[in-house]
Amino acid sequence: MSIVGKLLGKTGSLRSLTRPFRKKARHLVRFRLARMKRARIGAEIVAITGSSGKSTATRLISRFLQTRFATREQAYQNTISACTQAILDATPTDEYLVIETGASVPGSVVEMAGLMKPKVAVVTMVNVEHRSAFKTIENVTKEKGALVEAVAEGGFAVLNADDENAIAMAERTKQRIVTFGHVNDADYRVVELGLGDSGTMELAIRSAHGTHRLSTKLMGIHFWPSVAAAFAVAVENGIAPETIAETLKDIETGYNRCQPYAIENGPTFIIDTVKAPLATLPKAFEVIRPLRAPRKRIVLGMLADHPGDSNTAYKKAYRWAAEVADQVIFVGEHAHRHKASAEEIANGRIVEMTTTEQAYAFLRDTALPGEIIFLKSAGVAHLERLALGFDHDVRCWKERCRVPETCQACGLYEYPYERHPQVRRQKKLARWGMRKAATSRESKSRPE
């Protein structure tokens with residue numbers, strides 16, 4: 001490689017040294033452009049944050065508002081970059097922007113809130129997330145509360161009345177407060193909550209507009225804060241409760257968020273592999289308790305946001321899983337930390353697998369028609385491949401893949417991980433070629 005290539009090539013030393021500065025410069029330029037555009041667009045912004053349930057709430061709010069208003073949605077990616085792009089993509093015809101807002105490091109929500117100045121701020125719940133960055137729940141509360149503080153004049157905040165940290169944020173704004181809850185009294189209170197025969201959530205919400213019964217396609221009752229918050233936002237913005245109920249019937253969860261994935265003549269997977277904070281595991285596992293099946297198994301990968309040592313965390317996770325499942329399968333470098341008894345190991349109550357590919361081979365060899373297999377892990381492990389492998393020729397078995405999107409969104413799971421950069425380049429060139437050909441055809445079809 002030439003001297004110029006060593007300095008300026010994609011892996012060149014000069015490019016590597018300057019990458020952080022170039023990245024920061026691009027962010028500053030885009031942020032300032034978004035701030036200027038925010039001052040010009042007429043769309044109202046609904047911003048959603050929370051330690052859990054914010055993606056589902058974002059999706060529901062967007063779908064409800066779309067029944068009456070031109071609405072643009074930004075969900076799943078909740079960084080400042082995604083928030084900036086959502087505003088830059090806004091058009092003059094957009095009436096609402098519904099934007100998911102995440103806290104990654106101290107100051108991240110503060111920056112986004114200042115940019116958006118939302119008409120509506122929603123807080124689903126507050127737990128300790130990104131423990132290495134925030135350390136305590138007080139720090140998480142302070143960070144997420146910045147969104148409530150930024151609510152524009154005439155707007156309102158929608159807060160979880162059952163969460164003391166969320167409801168305390170009411171003190172951070174002079175704008176109107178709307179509450180939702182299940183245990184405590186609230187403006188929108190869930191007065192009935194249960195599961196249908198298929199394990200999907202059914203609930204009733206009582207408010208000043210009456211009591212409305214809602215049926216969903218969401219697996220498990222732990223989705224109630226997302227539904228109640230979305231219901232409150234929609235009604236407060238003029239959507240009829242009857243319209244919400246009808247729309248809700250057809251909305252499914254996004255990829256890998258308690259997503260049912262049935263294999264013909266095989267098992268039914270429930271894929272919940274976006275994140276796995278320790279404190280949320282019991283509620284997640286309860287999804288499979290009422291389901292009828294010849295066997296129920298839980299596959300556990302990497303856990304996140306747990307206090308103390310890993311041994312204690314994985315021991316708790318195993319005990320919780322064993323209460324509802326016939327077999328628990330641990331996958332990854334922490335698979336040995338379950339602390340199960342010798343008897344439980346001997347009789348197959350628990351199984352350890354070092355790699356995801358090994359776990360797939362085991363499931364393939366032992367799967368029963370009609371059984372339930374619940375996949376739970378932090379997103380970096382991408383355990384969704386265990387289900388995808390039953391329908392596709394999965395060849396990417398990279399452990400700890402750092403690609404933030406799901407395998408379904410990435411779409412490269414049928415290629416070995418080492419080939420992904422090459423395949424991405426080929427796909428990019430193919431798209432560019434198709435756009436160029438389309439432009440050429442369009443220009444030839446124009447009259448002289």
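**Exercise 1. Determine the strand order of the open sheet of 9 strands and identify its edge strands.**

*Solution.* Step 1: The order is β2-β3-β1-β4-β5-β6-β7-β8-β9, and the pairing is mixed. Strands, like helices, are DSSP runs numbered from the N terminus (strands: E, at least two residues; helices: H or I, at least four residues). Two strands count as paired if DSSP finds at least two bridges between them.

Step 2: The edge strands are β2 (71–74) and β9, each of which pairs on one side only.

Step 3: Neighbouring strands of this sheet are turned by 20° against each other on average, direction ignored. Axes here are lines fitted to C-alpha atoms, for helices over the stretch in contact, and angles run from 0 to 180 degrees between N-to-C directions.

The structure is a predicted model, in which local features need pLDDT of at least 70 and side-chain atom pairs count only at pLDDT 80 or more, while totals for chains, interfaces and linings use all residues. Residues are numbered from 1 along each chain as its sequence is written, and side-chain values use heavy atoms, with hydrogens and water left out.

**Exercise 2. Describe how the strands at each edge of this sheet are joined to their neighbours.**

*Solution.* Step 1: At one edge, β2 is joined by 4 bridges to strand β3 (residues 96–100), and the two run parallel. Within this pair, Q74 stands opposite I99 in β3.

Step 2: At the other edge, strand β8 (residues 200–207) and strand β9 (residues 210–219) run antiparallel and are joined by 7 bridges. The bridge partner of A204 in β9 is R213.

Step 3: β8 and β9 form a hairpin, with 2 residues between them.

**Exercise 3. Which strands does helix α9 lie across?**

*Solution.* Step 1: Helix α9 comprises residues 224–236. Step 2: The strands it lies across are β1 (44–49), β4 (120–123), β5 (156–160), β6 (176–181), β7 (188–195), β8 and β9. Contact is defined as heavy atoms within 4.5 Å. Step 3: Relative to β6, α9 runs at about 145°.

**Exercise 4. Analyse the open sheet of 6 strands and the helices that pack on it.**

*Solution.* Step 1: This sheet has the order β10-β11-β15-β12-β13-β14 with mixed pairing. Its edge strands are β10 (257–262) and β14 (350–353), each pairing on one side only. From one strand to the next, the twist averages 20°.

Step 2: β10 and strand β11 (residues 268–272) run antiparallel and are joined by 5 bridges. The bridge partner of Y261 in β11 is F269.

Step 3: α12 packs on the sheet and touches β12, β13 and β14, its direction making about 150° with that of β13. Helix α14 lies across β11, β12, β13, β14 and β15 and runs at about 155° to β13.

**Exercise 5. How many salt bridges are counted, and which parts of the chain does the pair of E371 and R295 tie together?**

*Solution.* Step 1: A salt bridge is a side-chain nitrogen of Lys or Arg within 4 Å of a carboxyl oxygen of Asp or Glu. By this rule, 13 salt bridges are counted.

Step 2: The side chains of E371 and R295 meet in one of them, at 3.0 Å from N to O. E371 lies in the loop between α14 (356–366) and β15 (372–376), and R295 in the loop between α11 (281–285) and β12 (296–300), so the pair ties together parts that are 76 residues apart in sequence.

Step 3: Residues are classed by relative accessible area (buried: under 20%; exposed: over 50%; partly exposed: in between; 1.4 Å probe, protein chains only). E371 counts as buried because its relative accessibility is 0%, whereas R295 is partly exposed at 21%.

Step 4: R295, R297 and E371 are linked in a network of salt bridges.

**Exercise 6. Is E344, the salt-bridge partner of R319, buried or exposed?**

*Solution.* Step 1: The side chains of R319 and E344 meet in a salt bridge at 3.0 Å, N to O. R319 lies in helix α12 (residues 310–322) and E344 in helix α13 (residues 342–346), so the pair ties together parts that are 25 residues apart in sequence.

Step 2: E344 is buried, with a relative accessible area of 15%, whereas R319 is partly exposed at 34% relative accessibility.
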